[in-house]
Amino acid sequence: MKKVLIVDDEPGLRQSLGLLLTDAGYAVTAEQDGRRALDRATTDAFDLVLCDVRMPQMDGLTFLREYRQRGGSALVIVMSAYGGEDAAIAAMKEGAYDYLPKPFRPDEVVLTLRKAEERERLRQEVAGLKAQLATGPAERGLIVESAAMRQALELVTRVAEHNTTVLITGESGTGKEVIARAIHRASPRAGKAFVGINCAAIPESLLESELFGHVRGAFTGASSDKTGLFESANGGTILLDEIGELPLGLQAKLLRVLQESEIRRVGDQKTRRVDARVLAATARDLEAEVRAGRFREDLFYRIHVVAIALPPLREREDDIAPLSRHFAARLAQRLGRPLALSDGAIAWLEQQHWPGNVRELENAIERAAVLSNEKILEPADFRNEPLSTPPSPGLGEKGVGSGTLREAAERAEREAIVEALKAAHGNRRAAAERLDVSLRTLFYKIDRYGIE
């Protein structure tokens, strides 16, 4: 039974809508005050919200804005006797699904809710189909010809049926998550959830809550209990990507989870049993991190039961042609037009350094396809790609006065990032702080310039 929250300061309308929607098969909750409704909507899980625009304490658009900011996901339908099209446009901008002008007929309300339900059903169905496609047999990293990747896939086959913890290593863009998903799909846990988290992409203050969950009141803003990713992966598999970025304090808590198979939500007094197979991935040299005191030795040996090392694309030239043709075929389907690569284009792609590995190859083909109207991509379609040589080591190789202004700026930017990483002894968070950029921005730049 779908749950509906009605927010309106008119008692008669609340009552009539409540009776109407109850008869239509909905579980109805009603609130007259926008602020109380906001607390209710973010505490309980509703499928649909019917909200008036003009209300005391908090108007409907403010309610909608704050509800979305707090992460509310219900479909919101705004009602009003004022404003006409302007009010409807304002509501849509704030994220409303639909707008009902007052007065409205009873069947009009029910029809609008049914349409909203159907839309959400279709959205979830599309998301499910996309997920199936993303894990299909033609997944990008599993199209291999090179001996090195064939060896990696042999290891995948061997370890998949066991609950062994696996450490997947390799440069950014080599397909570590793809391999992790392949292990999950070939395992007895394939019918359960696969949950992945990039440990470097989430602020340290939120990471523990993301992994283990929290209870209501555990910290400011914790307005309800939250299930962590380990619990979400119960019975399935969890991938801890960029595990080398975990703070030392969290490394100790993760070690306990691996040893005891139990977690404790932030702010909770009790532990909860979890059954999640752990896969870890990193682009770092964890043995060097252990020697430097940045990674716990006991955790390293706990996750390093089986290691799968993925070679960079520049060391697996045999994979470039089949990968490129696969990406082109997938793009043709997505763009709705014929698309292929000439032998010359394949040869050109095989000569590149690819510091961003498979991900960079895919992006380069997509960029060339979007900018070209031709059915067959030639080397000329890739000429603007800054990929033909390995990335410049810095300003020492090319002076500021040589090349275009953009090239000089990029060389200077790369040099600044390298120096910041050296000064921070490879700690990316500290380097990002030195450079006064977000960690996400730094990761993008490291990937773009092929900095190891």
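Three exercises on a predicted model follow, each with a worked solution.

Residues are numbered from 1 along each chain as its sequence is written, and side-chain values use heavy atoms, without hydrogens and water. In this predicted model, local features need pLDDT of at least 70, side-chain atom pairs count only at pLDDT 80 or more, and totals for chains, interfaces and linings use all residues.

**Exercise 1.** State the strand order of the open sheet and explain why β7 and β14 each have one side without a neighbour.

Step 1. Strands are DSSP runs of E, at least two residues, numbered from the N terminus. Two strands pair if DSSP finds at least two bridges between them.
Step 2. The five strands run β7-β10-β13-β6-β14, with parallel pairing.
Step 3. β7 (194–198) and β14 (306–309) are at the edges; each has a single partner strand, so one side of each lacks a neighbour in the sheet.
Step 4. On average, neighbouring strands of this sheet are turned by 20° against each other, direction ignored.

**Exercise 2.** Describe how β10 is joined to β13, and which helix touches β6, β13 and β14.

Step 1. β10 (residues 237–241) and β13 (residues 277–282) run parallel, joined by four bridges.
Step 2. Leucine 239 is opposite leucine 279 in β13.
Step 3. Helix α6 (residues 147–160) packs on the sheet, touching β6 (166–169), β13 and β14. Contact means heavy atoms within 4.5 Å. The direction of α6 makes about 155° with that of β14.

**Exercise 3.** Find the mean pLDDT of the protein chain, then treat residues 129–141.

Step 1. pLDDT is the predictor's confidence in each residue, from 0 to 100.
Step 2. The chain mean is 84, and 89% of residues reach 70 or more.
Step 3. Residues 129–141 have pLDDT below 50; this stretch has 17 contacts in the model beyond near neighbours in sequence.

Technical notes:
Axes fitted to C-alpha atoms, helices over the stretch in contact; angles between N-to-C directions.
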